[in-house]
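Here is a note for someone opening this structure for the first time. Please read it with the sequence and the coordinates on screen.

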Amino acid sequence: MEYAELMGTDIRISRIGMGCWGIAGGRTWGERDDRRSIDTLRAAYDRGISFFDTAYSYGNGYSEELVGKALGSLGDRVVIATKVGTGLSSPSEVERHCEESLRRLRRDWIDLYQLHWLLPGMPPLPEIIEAMWRLVKSGKVRAIGVCNLGKGQLALLPPEIPVVTNQLPYSLLWRAIEYEVMPASLERGMGILAYSPLMQGLLTGKFSSPEEVPEGRARSRLFSSSRPQAIHGEEGAEDLTFETIHRLSALARDLDIPLAHLAIAWVLQREGVASVLVGARTPDQVDANVGALAVRLSEEVLAELDTITAPLKERLGPNPDMWQTSGRIW
Ligand SMILES: NC(=O)c1ccc[n+]([C@@H]2O[C@H](COP(=O)([O-])OP(=O)(O)OC[C@H]3O[C@@H](n4cnc5c(N)ncnc54)[C@H](OP(=O)(O)O)[C@@H]3O)[C@@H](O)[C@H]2O)c1
């Protein structure tokens with residue numbers, strides 16, 4: 001495993017982090033199996049993954065509970081990131097949310113506490129961040145991060161409070177952050193935590209056509225708004241997405257590596273990415289994915305990947321939101 005320090009902190013994270021959304025099951029991921037999920041979390045730890053990303057909204061605390069059961073006794077041998085709920089109506093609720101997460105996580109502190117989304121109806125951003133900062137002062141939280149904040153929202157962060165990360169969607173099929181949000185985050189000295197690097201399984205080669213993709217994952221803006229769970233109202237880019245996947249698979253075959261390794265290695269090599277949060281639902285997937293650390297893509301391959309994925313990047317445009325047309329990340 002490779003490790004990196006989160007900028008401006010003494011927190012050391014693994015460059016492949018474990019994404020803990022999928023283990024909560026639900027509308028996006030379907031059935032769940034607690035025993036298998038706990039084995040998966042332990043397998044990640046055994047393979048050197050020390051950084052785990054969860055959230056209250058992953059199953060209304062369910063994912064946090066699984067993380068607590070599997071890893072709660074490991075103390076400072078693991079770095080746990082979680083997120084403050086999207087249903088926040090007052091900054092005074094932040095402390096209670098934190099206490100509840102700590103109880104589920106079976107820990108006395110949260111290493112990285114992140115704002116999950118800034119949505120209409122929530123308190124002003126500076127007030128939320130100030131409430132989170134009070135938790136740093138009281139020792140319940142070690143560092144603060146945000147997720148899904150665009151350039152305009154980043155400009156509203158209180159300058160005197162260190163906000164060390166912006167967690168954003170980033171993969172070969174989802175490069176929208178390159179237009180604006182990634183440069184703006186790096187300019188502020190924030191590390192990028194890249195989420196959905198496998199585009200929720202599409203970049204493993206497990207689906208060979210758009211029709212095979214389950215409903216919960218076909219709600220992203222890559223897919224047509226006619227998909228049952230879609231809420232974006234766009235036509236999507238299903239054919240172009242699968243043409244891109246087929247070209248990426250052919251390149252992976254030429255390089256003699258699995259498509260998932262190509263996808264993860266590409267994100268790992270992007271400037272400013274502190275850690276790549278890879279979701280896994282079985283120990284075998286963890287095993288398969290950590291193999292990506294052995295891959296070093298040449299400049300020539302990186303240029304080819306840029307060429308293959310540029311048409312999809314252009315078609316989807318600069319909105320980084322994987323699920324909604326506009327308004328949430330600005
Ligand atoms: N801050 C945010 O708003 C936000 C949003 C999204 C995600 N995230 C974070 O980022 C993490 C990762 O993103 P993600 O879970 O959306 O997607 P992802 O990492 O792109 O894909 C993960 C899914 O792909 C499948 N998979 C993984 N490895 C595989 C392999 N080797 N072979 C075949 N299938 C494999 C698994 O699902 P199946 O086995 O079911 O196919 C797994 O759950 C999340 O868990 C969460 O921690 C954050």
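The points below cover the barrel, two of its strands and a helix, the cysteines, the aromatic pairs and the charges over rings.

1. This is a predicted model. The place to begin is the sheet: 8 strands run in the order 3-4-5-6-7-8-9-10 and form a closed barrel, with parallel pairing. Direction ignored, neighbouring strands of this sheet are turned by 30° against each other on average.

2. Which strand pairs with strand 3? Strand 3, residues 16-19, pairs in the parallel sense with strand 4, residues 51-53, over 2 bridges. Gly19 has Asp53 of strand 4 as its bridge partner.

3. Helix 5 (residues 125-137) packs on the sheet, where it touches strand 5 (79-84), strand 6 (110-115), strand 7 (141-147) and strand 8 (163-169). The direction of helix 5 makes about 155° with that of strand 7.

4. Strand 8 also pairs with strand 9, in the parallel sense and over 5 bridges. Within this pairing, Ala194 of strand 9 stands opposite Leu168.

5. Strand 9 (residues 191-195) is largely enclosed by the rest of the structure, because 5 of its 5 residues are buried. In a regular strand, side chains alternate between the two faces of the sheet. Here Gly191, Leu193 and Tyr195 point one way from strand 9, while Ile192 and Ala194 point the other way, and all are buried.

6. How many disulfides does a search of the whole structure find? The search finds 0. Cys20 is in no disulfide, and the nearest cysteine sulfur, that of Cys147, is 13 Å away. The bond would need two sulfur atoms within 2.5 Å. Cys20 counts as buried, because its relative accessibility is 0%.

7. Cys98 is likewise in no disulfide. For Cys98 the nearest cysteine sulfur is again that of Cys147, at 15 Å. Cys98 has 0% relative accessibility and so counts as buried.

8. The structure holds 4 aromatic pairs. In one of them, the rings of Trp21 and Trp323 have their centres 6.1 Å apart and their planes at 85°; the pair is therefore edge-to-face, as planes over 60 degrees apart are counted that way. This pair links distant parts of the chain, 302 residues apart: Trp21 is in the loop between strand 3 and helix 1 (26-29), and Trp323 is in the segment after helix 11 (299-316). With a relative accessible area of 7%, Trp323 is buried. Trp21 and Trp323 form one aromatic cluster together with Trp29 and Tyr58.

9. Another pair is that of Tyr170 and Trp266, whose ring centres are 5.1 Å apart. Their planes stand at 50°, so the pair is tilted. This pair also links distant parts of the chain, with the two positions 96 residues apart: Tyr170 lies in the loop between strand 8 and helix 7 (181-187), and Trp266 in helix 9 (residues 259-268). Are these two residues buried or exposed? Both Tyr170 and Trp266 are buried.

10. Charged side chains over rings close the list. Lys313 lies over the face of Tyr179, at 4.9 Å from the ring centre. Arg328 lies over the face of Trp117, at 4.0 Å from the ring centre.

Conventions: Residues numbered from 1 in each chain as written. Predicted model: local features only at pLDDT ≥ 70, side-chain atom pairs only at ≥ 80, totals over all residues. Heavy atoms only, no water. Pairing = 2+ DSSP bridges. Helix = DSSP H or I, 4+ residues; strand = E, 2+ residues; numbered from the N terminus. Axes fitted to C-alpha atoms, helices over the stretch in contact; angles between N-to-C directions. Contact = heavy atoms within 4.5 Å. Buried < 20%, exposed > 50% of the residue type's maximum accessible area, 1.4 Å probe, protein only. Phe/Tyr/Trp six-rings, centres within 6.5 Å; stacked < 30°, edge-to-face > 60°. Lys NZ or Arg CZ within 6 Å of the ring centre and 35° of its normal.
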